[in-house]
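Biologist: I have a structure on the screen and would like to learn how to read it. Could we take it feature by feature?

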Amino acid sequence: MSISSYPLTVGDHVVQVNESGDPANPAVLFLHGSGPGATGLSNWEQVITDLAGSFRCIAPDMVGFGDSSHPEKPPQGMAAFNELRVDALLGLIDALGLEQVHVVGNSMGGQLAVLMALAAPERIGKLLLMGSGGAPTTTVSPGLAHLREFYNDPTADSLRSLLTEFVCDLEPLSGTIGTVVDDRMTYIVREDVTRSHRASFNPAAPRRVFTPEELAGIAHPTLVLHGREDRIIPLEASFYFAENIPNANLFVIANCGHWTQIEHRDTFETLLERFIAGVL
């Protein structure tokens, strides 16, 4: 089944929507991470193709990424920018005529999923958090530092080096890395994308860390996934979410980095289908 991509006006913003599957199926919102040149399709294209028979799959470009809006005066820092993104995502659910969605969030997308659950719990079904940010980690990994500071050297070679940090074993993906680099560079060189990245990773802006009290208030069934060899977000971050969200289960995938849905796609898809079906 093919993917349809279209822009949708949501309040003051335009959200680029990538969608597959029957609208009568359970709706799953897939939220991508914050890597340079990231888009809904760069994180989720194969997944939403594979799962089109099971779900209505919706994988938007976040505001400040890809072909969605890039504010001319963006909020400074990931915390402030993510509040804007959450407002746009809740508006997107309204614009699509959906009362409730299951939410899958990767990295920054995991933070957005948690923020959505806190802001509008009745609109969220189940949560899957994958290598999510927002835990009170005290160190910044070299991979995450490279991601944040990417625009100090926004070249194809720098991007290729960064992508090696996202996976445990590059060899199985070596044939596709060149294509990924080329696709992402078309966005990276754009002035609006550059502006949004610099605003999101403004080092002077405060971080957003979820407190145990906030997480304790999330009643949604939650599956926390993490690659054991993740070099972007440490495994301890997912321990934190699993320990503090009351109805959370934790699944750690061996020989896997930050891109669970790419490195171990079959495992990821099986876990997601079983989780939403209520058998996991």
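Modeller: We will go through salt bridges, a buried charge, backbone angles, and some surface and packing cases. Keep in mind that this is a predicted model.

Biologist: Let us start with charges. How many salt bridges does the structure hold?

Modeller: There are 10 salt bridges. One of them joins Asp50 and Arg265, whose closest N and O atoms are 2.8 Å apart. Asp50 sits in helix α1 (residues 40-50) and Arg265 in helix α11 (residues 265-277), so the pair links distant parts of the chain, 215 residues apart.

Biologist: How should I class the surroundings of Asp50 and Arg265, by relative accessibility?

Modeller: Partly exposed is the class between 20% and 50% relative accessible area. Asp50 counts as partly exposed because its relative accessibility is 34%. Arg265, at 28%, is partly exposed as well.

Biologist: Which parts of the chain does the salt bridge of Glu165 and Arg231 tie together?

Modeller: The side chains of Glu165 and Arg231 meet at 3.3 Å, N to O. Glu165 belongs to helix α5 (residues 156-166) and Arg231 to the loop between β7 and α9, so this salt bridge ties together parts that are 66 residues apart in sequence. Glu165 has a relative accessible area of 23% and is therefore partly exposed. For Arg231 the value is 35%, which also makes it partly exposed.

Biologist: What is the partner of Arg208 in a salt bridge?

Modeller: Arg208 pairs with Glu214, with 2.8 Å between the closest N and O atoms. Arg208 is partly exposed at 23% relative accessibility, and Glu214 is partly exposed at 24%. Salt bridges can also share partners: Asp50, Arg265 and Glu269 are joined into one network in this way.

Biologist: Now a charge without such a partner. How far is Asp230 from the nearest side chain of opposite charge?

Modeller: That side chain is Arg231, 7.7 Å away. A salt bridge needs a nitrogen and a carboxyl oxygen within 4 Å, so a distance of 7.7 Å does not qualify. Asp230 is buried and has no salt bridge. Its place is the loop between β7 (222-227) and α9 (235-244).

Biologist: What does Asp230 have around it instead?

Modeller: Its side chain makes a polar contact of 2.7 Å with that of His258. Beyond residues up to four places away in sequence, Asp230 touches Gly131, Cys256, Gly257 and His258.

Biologist: Let us turn to the backbone. Why does a positive phi deserve a second look?

Modeller: Most residues other than glycine have a negative phi, so a positive value stands apart from that pattern. Here Ser107 has a phi near 60°, although this residue is not glycine. Ser107 lies in the loop between β5 (101-106) and α3 (108-119).

Biologist: Is Ser107 buried or exposed?

Modeller: Ser107 counts as buried because its relative accessibility is 10%. Another positive phi, near 55°, is found at Asn255. Asn255 lies in the loop between β8 and α10 (260-263), and at 48% relative accessibility Asn255 is partly exposed.

Biologist: Next, the surface. Which residues form a nonpolar patch there?

Modeller: Phe239, Leu250 and Val252 form a nonpolar patch, with about 200 Å² of accessible area together. Val252 is part of strand β8 (residues 248-253) and is partly exposed at 34% relative accessibility.

Biologist: Where is Ser238 found, and what is Ser238 in contact with?

Modeller: Ser238 is in helix α9. At 1% relative accessibility, Ser238 counts as buried. Leaving aside neighbours within four places in sequence, Ser238 contacts Gly131, Val224, Leu225, His226 and Leu250. Of these, Leu250 is also one of the residues in the nonpolar patch, and Gly131 is also touched by Asp230.

Biologist: One last residue. What does Pro136 touch?

Modeller: Apart from residues up to four places away in sequence, Pro136 touches Val209 and Tyr240. Pro136 lies in the loop between β6 (124-130) and α4 (142-148) and is partly exposed, at 40% relative accessibility. Distance in sequence and distance in space can be read side by side: Pro136 and Gly77 are 59 residues apart in sequence and 16 Å apart in space, C-alpha to C-alpha.

Note on methods. Residues numbered from 1 in each chain as written. Predicted model: local features only at pLDDT ≥ 70, side-chain atom pairs only at ≥ 80, totals over all residues. Heavy atoms only, no water. Patch = residues over 30% accessible without salt bridge, like charges linked within 9 Å, V, L, I, M, F, W, Y side chains within 5 Å. Areas by Shrake-Rupley, 256 points an atom, 1.4 Å probe, with all protein chains shown as cover. Helix = DSSP H or I, 4+ residues; strand = E, 2+ residues; numbered from the N terminus. Buried < 20%, exposed > 50% of the residue type's maximum accessible area, 1.4 Å probe, protein only. Lys, Arg positive; Asp, Glu negative; His and termini not counted. Polar contact = N/O pair within 3.5 Å; in protein donor to acceptor, adjacent residues only side chain to side chain. Contact = heavy atoms within 4.5 Å.
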